[in-house]
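Here's a quick Q&A run through this one, from single residues to metal site, ligand and empty space. Grab your viewer and follow along.

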Amino acid sequence: MSAITADFIADQNRSRLAAHREDFDALARQLARRGLNPEALVKDATAFAVAVPSWGVGTGGTRFARFPGPGEPRHVFDKLADCGVINTLTRLTPTVSPHFPWDKVKDYAELRAAAKSHGLTFDAVNSNTFQDQAGQPLSYKFGSLTHTDKAVREQAIAHNVECVEIGRALGSKALSVWIGDGSNFAGQSSLARAFDRYLESAAAIYRTLPDDWRMLLEHKLFEPAFYSTVISDWGSNYLAAQHLGPKAQCLVDLGHHAPTVNIEQIVARLARFGKLGGFHFNDSKYGDDDLDAASVSPFRLYLVFHELAEAKRAIGPSFAPAYLIDQSHNVTDPIESLMQSAIEIARAHAQAQLVDAAALAAAQEANDALTAHRLLKAGFLTDVSPLIAEARLRAGGALDPIATYRASGYRAAVARERPAVAAGSAGIV
Ligand code: RM4
Ligand code: MN
Ligand code: MN
């Protein structure tokens, strides 16, 4: 169990309960007046979940520096303890997405049991061929799955196959693959042949996937390669996923597009053709900024969830993309940022359920642009805070997760056990 007890949470909730009841009852009355069913909406909000990234609970960094905070997790077991706190308070994040080899251990049964002791299970496993690991025979400096040298490609394939094996031991059902492959100079690499090599390598990984697994391919416009990346956009991603087969789907990281790209439209397209595998949620102003979800563009996140709600209506319950957070926390306590982000993602989801889909479709058919826009925006303009707080409360979570976390003294307590990390080194995690 997490260090934060049910009694402590109940105690913290007590002083907030009367105000919450008032706010929730008022919202429930308003929703009922609008023809919505508040009880069904609370149930739906209670069922909502998003995975946290194991790499997100350590303080991130930029290319220039990293400024670690107190009580940084020393290893994956500490990371799981932190992830447990996030879920205990928010009741939104029962799964953790691990990254290998960062989270490598000797005994995966022990890791799975440790997760369980914090009330957690494992989500998609992430492979890493964008860095060289200690003792690795061949370098990824010039690429991994798309390297010109077959031996390097084979090493990268073997790593992904190992990730699937680890994932099986952990009870995961998906492999997320993001590669840093690309080029820095026009002419440096053959754009056509690099993609061919990707397809061949990815197919070798795909062949080892268990039947009930998915392979989630992640595209990214730039970085670390700055002229071209091999899987640069949703078009290349879709082509690859289509080429590989039904178990391969596209993963949309919100920060991996050019700033003006219409991501919600990409979501609609991929969903329509069964290729929307999942998300990496974060927010950004310029590029892959990895800022906290909805901290810059909450309306964009809402529009993404509106498309997801539409897709669910069209496709039915089989439509279940994997929801993950992928952020880098440079100036906040990562536990606070991840709780805040999970809540904002749950908010966008809850708001999207408020849209009158039939009325919206009718306005669209009638070409009544302004009515359609107002119907779409109605969800975004509704403050659903009491609704998602009620869902948390019923699930045993905190009415105010961040205030409760601060009151718990968790960070100071772990800082006493976990030695301070030296500042200065640059890095993503
Ligand atoms: C990449 C990408 C991957 C993540 C790494 C750490 O930009 O978003 O999903 O695993 O960063
Ligand atoms: Mn990502
Ligand atoms: Mn990224």
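Q: Where does R66 sit in the fold?
A: Keep in mind that this is a predicted model. Strand 1 covers 52-53 and helix 3 covers 76-90. R66 belongs to the loop between strand 1 and helix 3.

Q: Is R66 buried or exposed?
A: The cut-off for buried is under 20% relative accessible area. R66 has 10% relative accessibility, so R66 counts as buried.

Q: Which residue's backbone oxygen does the side chain of R66 reach?
A: Follow the side chain of R66 to a backbone oxygen at 2.6 Å. That oxygen belongs to T59.

Q: Which residues coordinate the manganese ion (ligand 3)?
A: Look for donors at 2.2 Å from the manganese ion (ligand 3). One is an NE2 atom and the other an OD atom. They come from H256 and D288.

Q: How many residues apart are H256 and D288, the pair that links distant parts of the chain?
A: H256 is in the loop between strand 9 (248-253) and helix 8 (263-272). D288 is in the loop between strand 10 (276-281) and helix 9 (298-315). Both H256 and D288 are buried. Along the chain, the pair is 32 residues apart.

Q: What distance separates the manganese ion (ligand 3) from the manganese ion (ligand 2)?
A: Ligand 2 is a manganese ion, and so is ligand 3. The separation between these two ions is 3.9 Å.

Q: Which residues surround ligand 1?
A: H256 and D288, which coordinate the manganese ion (ligand 3), turn up again around ligand 1. The full set around ligand 1 is H99, W178, E218, K220, D253, H256, H280, D288 and D326.

Q: How far is a polar side-chain atom of E218 from an oxygen atom of ligand 1?
A: A few side chains make polar contacts with ligand 1, so let's list them with the cut-off of 3.5 Å in mind. K220 has a side-chain N or O atom 2.9 Å from an oxygen atom of ligand 1, and D326 has a polar side-chain atom at 2.8 Å from one. For E218, the distance is 2.7 Å.

Q: Which element gives the most to the lining of the second largest pocket?
A: This pocket holds about 560 Å³ of space. Its lining has 27 residues, and the closest to the centre are A49, A320, P321, A322 and Y323. Elements giving two or more residues are helix 2 (38-47), strand 7 (214-218), helix 9 and strand 11 (322-325). The one that gives the most, with four residues, is helix 9.

Q: How many residues in the lining of the second largest pocket are nonpolar?
A: Split the lining by class: five residues are polar and five are charged. The nonpolar residues number 17.

Q: What is the volume of the largest cavity?
A: The count comes to two cavities of 30 Å³ or more. The lining of the largest cavity includes W178, E218 and K220, and those residues are also among the ones around ligand 1. By class, this lining has five nonpolar, two polar and four charged residues. The volume of the largest cavity is about 50 Å³.

Q: Which residues line the second largest cavity?
A: There is about 30 Å³ of space in the second largest cavity. Its lining comprises four nonpolar, two polar and two charged residues. They are L254, N282, D283, A293, A294, S297, R300 and L301.

Q: What is omega for the cis peptide bond that joins E223 and P224?
A: Most peptide bonds are trans. A cis bond joins F100 and P101, with omega of about 10°; P101 is in the loop between strand 2 (95-97) and helix 4. P224 is in the loop between strand 7 and strand 8 (228-229). For the bond that joins E223 and P224, omega is about 5°.

Q: Is D290 buried or exposed?
A: D290 is a residue other than glycine with a positive phi, near 55°, and lies in the loop between strand 10 and helix 9. R91 also has a positive phi of about 55°, but R91 is partly exposed at 30% relative accessible area. With a relative accessible area of 14%, under the 20% cut-off, D290 is buried.

Notes. Residues numbered from 1 in each chain as written. Chains lettered and ligands numbered in written order. Predicted model: local features only at pLDDT ≥ 70, side-chain atom pairs only at ≥ 80, totals over all residues. Heavy atoms only, no water. Donors = N, O, S within 2.8 Å, 3.2 Å for Na, K, Ca; no water. Buried < 20%, exposed > 50% of the residue type's maximum accessible area, 1.4 Å probe, protein only. 1 Å grid on protein atoms, 1.4 Å probe; cavity = no way out; pocket = protein on both sides within 12 Å on 5 of 7 lines; lining within 4 Å. Points joined across faces, edges and corners; volume = space filled by probe spheres on them. Nonpolar A, V, L, I, M, F, W, Y, C, P; charged D, E, K, R; others polar. Near = heavy atom within 4 Å. Polar contact = N/O pair within 3.5 Å; in protein donor to acceptor, adjacent residues only side chain to side chain.
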